[in-house]
Amino acid sequence: MTKTALITGITGQDGAYLAELLLSEGYRVVGAERRMSSRNRRRLDELGVTDDVEFVDFDLADQGNMVRVLDTVTPDEVYNLAAQSFVKLSFEQPVMTGDITGIGVARLLEAIREVNPGIRFYQASTSEMFGKVRETPQSESTPFYPRSPYGVAKLYAHWLTLNYREAYGLHASSGILFNHESPLRGPEFVTRKISLAAARIKLGQQKELRLGNLEARRDWGYAREYVVGMHRMLQQDGPDDYVLATGENHSVGEFAAAAFAHVGLNWQDHVVIDPAFERPAEVEMLLGEPAKARAQLRWEATTSFQDLVALMVEADLERTRNPVRVLSRA
């Protein structure tokens, strides 16, 4: 029988790639999105899957709405990718971030428990929960020390997911995903900010790029590969938590150098250090250990750092030259 998956945050980077994957697996895919005056389905449009997705209005601040949606959609699997996920904004709006990114998961888990405890649930956890790292590399057993309201909210949601599977027997798993990027990443995130600037500067449409801490190091992988891991978690006999990562890291400066080099430019001629883009409390270094996912999920990141940067810059060159063109392999 055809499985039904409900994806919250379907209009984001991960949601769009996950929808693409699940549709290719024969799923009925229902996208949960906030009611707004205008819909932003750009990423789904770029992947060419918008017409294959059903959409429902969904609000992480309204548990009654969640219950009604679950009753109507009757999903086999729920992937919770919705969140206020911009770390810098979480310092400016910590209460909203906590309510949506943290408490919103409590509402959703309660709705699942009320409507159908047999629904399999995926929670999008994050390497930002490690924050001021206690050991390197970071694995599923590494202690957490978040350094932002976003990381704190995600940690609450992470522990609550574990609590619900232990207390109520839900098939509820968390993916502790390290940074995963793509051409579908929002331009407010540093990687896409860099790739877009490199393309625009190369084409004479921008003069400089302002960045904050160039020394921060992240474990960067390709988002399209990471949604495969999400799906595999919910296909396991039992729920668990898994780190998805590449096992290597690079600095923001290295990302900028690779992006500008791809278009034949020296990044140091165009990048300006601006303290306004530094976080109040920085996460200096993240490096994931994906051994458990490799062994149990048969999942592994295969796109190299250099190839990821090149993929993003090429997509932004194409977008800048042809703004209305749909990317064939975003």
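In this predicted model, E181 and R185 pair up through their side chains in a salt bridge, with N and O 2.9 Å apart. Both partners are tucked away from the surface: E181 is buried, and R185 is buried too. The pair is part of a wider picture, since a search of the whole structure turns up 17 salt bridges.

Another of these contacts joins E20 to R224, where the closest N and O atoms sit 2.8 Å from each other. E20 belongs to helix α1 (residues 13-24) and R224 to helix α8 (residues 223-233), so this bridge ties together parts of the chain that are 204 residues apart in sequence. As for R224, its relative accessibility is 11%, and it therefore counts as buried, the cut-off being under 20%.

A further salt bridge brings the side chains of R319 and E46 together, at 3.0 Å from N to O. Here R319 comes from helix α11 (residues 305-321) and E46 from helix α2 (residues 42-47), so the link ties together parts that are 273 residues apart in sequence. R319 has a relative accessibility of 14% and so counts as buried. E46, at 9%, counts as buried as well.

The R319 and E46 residues also turn up in a bigger arrangement: along with R42, R192 and D316, they are linked in a network of salt bridges.

Conventions
Residues numbered from 1 in each chain as written. Predicted model: local features only at pLDDT ≥ 70, side-chain atom pairs only at ≥ 80, totals over all residues. Heavy atoms only, no water. Salt bridge = Lys/Arg side-chain N within 4 Å of Asp/Glu carboxyl O. Helix = DSSP H or I, 4+ residues; strand = E, 2+ residues; numbered from the N terminus. Buried < 20%, exposed > 50% of the residue type's maximum accessible area, 1.4 Å probe, protein only.
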